[in-house]
Amino acid sequence: MDIIANKCSGKGNGEKCLNAVTQYLDEHSVPYSVHLTERTGHGKQLAEELSANGAEVIVALGGDGTFHEVLNGIDFEKSRMGFIPAGRGNDFAGGTKAANLDPIKAIADIVRGEPKDLDYIQVGDKRCINVGGTGLDVEVLLKTAKSKNKLTYVASLFRCLLHFKPYHVQTELNGETKDYKCIMLGVCNGTQFGGGIKLCPVSRADDGKMDVIIMTKPKVPTLFVMPKFVKGKHMNMACTHHIVCDEIKVKTDAPIELDGEIYYDLNFDARIVKGGLKTFATSE
């Protein structure tokens, strides 16, 4: 077993989780190697090297950003991927139950070794494990990254809404083109992002389908809609467009984000990869 660990994730939670996991493995005489990430993109590089060298199980320990990197480096024809959630939000694991939020239970499930196949989203040449989007979510991520006070996602969301203006996106689905004045557009494999904001509470990571959420400008001030949006009670609102599909093309001049990582020169052509994520079943 090879563990790719981000000790800095979750304000130190990564190091605590790593200590708990290695103690468990030592106590149960399970052989393992730990590979610490040292910079942005290092998780992807490590996963590529480990898969190439025949690693059968590669465990990502960190937040959704670490999961994103390992997902984009692993070769699922050679390796199966385990998850130890150790971030601040843990949106993918928390929303899909793909891994237990308790690190001991999570590593125990991996050691037990019951295989399970989930989906992921392919966007251009990148893989997305949880949620990809464009619009307000990108503005919020940029704001939180620049904040000296480390604003929470929700706090930054409300602050951005005071100045955010809808923008134009065009979608192509089943040969039909539509235009939207958009607040945000998200493609979902998981149910939530931003530390618990339930973007698409009905999404499933094992149904072979991709859920697309398009939020257009509501008739009331957008700020009034956000409490429902945060709690996942926006699905039946007129400003919410929910599409279930296999693939969609989105044209936009704005940058996009995949699992919280921002891309500036990536075409937003998204498709679901059914059963492509080779992982492990949870016991709870």
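User: This structure is new to me. What follows α5, and what is its phi?

Analyst: The residue after α5 is G113, and its phi is positive, near 80°. Bear in mind that this is a predicted model. The other end of α5 can be read from a side chain: an oxygen of the D102 side chain comes to within 2.9 Å of the backbone nitrogen of I104.

User: How do I read which way a helix faces? Which residues of α5 are buried?

Analyst: Begin with burial, which here means under 20% relative accessible area. In α5, that picks out P103, A106, I107, D109 and I110. Then look down the helix axis: these residues fall within an arc of 150°, so they line one face of α5. Among the elements covering them are α1, β3, β4 and β15 (268-280).

User: Let me try the other helix you named. How many residues does α1 have, and how far does it reach?

Analyst: Helix α1, residues 13-27, has 15 residues and reaches 21 Å from its first C-alpha to its last. That is close to the 21 Å expected at 1.5 Å a residue. Its buried residues are G14, C17, L18, V21, T22, Y24 and L25. They cover an arc of only 155° around the axis, which puts them on the same side of α1. K16, D26 and E27 are exposed on the other side. After α1 comes S29, with a positive phi near 55°.

User: What do the buried residues of α1 pack against?

Analyst: Their partners are β1 (2-5), β2 (33-36), β3 (57-62), β4 (80-85) and α5 (103-112).

User: How much of α3 is buried?

Analyst: Helix α3, residues 64-73, is mostly covered, with 9 of its 10 residues buried. Those residues are D64, T66, F67, H68, E69, V70, L71, N72 and G73.

User: How do I read a single residue, such as G62? Is G62 buried or exposed?

Analyst: Take its place, its burial and its contacts in turn. G62 lies in strand β3. It counts as buried because its relative accessible area is 0%. Leaving out residues up to four places away in sequence, G62 touches S9, F67, I84, P85, A86, G87 and N90. A distance shows how the chain returns to this place: G62 and F83 are 21 residues apart along the chain, while their C-alpha atoms are separated by 8.3 Å.

User: Where does H234 lie, and what is it in contact with?

Analyst: H234 sits in the loop between α8 (222-231) and β11 (240-245). Its relative accessible area is 0%, so it is buried as well. With neighbours within four places in sequence set aside, H234 is in contact with K198, L199, M215, K228, F229 and T240.

User: Now the empty space. How is it found, and what is the volume of the largest cavity?

Analyst: Rolling a probe the size of a water molecule over the atoms shows where empty space is left. In this model there is 1 cavity of 30 Å³ or more, and the largest cavity has a volume of about 60 Å³. Its lining includes G82, F83, A98, A99 and T282. The elements giving two or more residues to that lining are β4, α5 and β15. Of these, α5 gives the most, with 3 residues.

User: Which residues lie nearest the centre of the largest pocket?

Analyst: They are G65, R88, L141, G260 and E261, out of 40 lining residues. Two or more lining residues come from each of α3, α6 (136-146), α7 (153-161) and β14 (261-263). The space in this pocket is about 1400 Å³.

Key:
Residues are numbered from 1 along each chain as its sequence is written. This is a predicted model: local features need pLDDT of at least 70, side-chain atom pairs count only at pLDDT 80 or more; totals for chains, interfaces and linings use all residues. Side-chain values use heavy atoms; hydrogens and water are left out. Buried means under 20% relative accessible area, exposed over 50%, partly exposed in between (1.4 Å probe, protein chains only). Helices (H or I, at least four residues) and strands (E, at least two) are DSSP runs, numbered from the N terminus. The expected span of a helix is 1.5 Å times one less than its number of residues. The arc is that of the directions from the helix axis to the C-beta atoms. Contact means heavy atoms within 4.5 Å. A polar contact is a pair of N or O atoms within 3.5 Å; within protein, one must be able to donate a hydrogen and the other to accept it, and residues adjacent in sequence count only if both atoms are side-chain atoms. On a 1 Å grid over the protein atoms alone, a cavity is a set of points where a 1.4 Å probe fits but cannot get out, and a pocket is an open set with protein on both sides within 12 Å along at least five of seven lines; lining residues have an atom within 4 Å of a point. Grid points are joined across faces, edges and corners, and a volume is the space filled by probe spheres set on the points.
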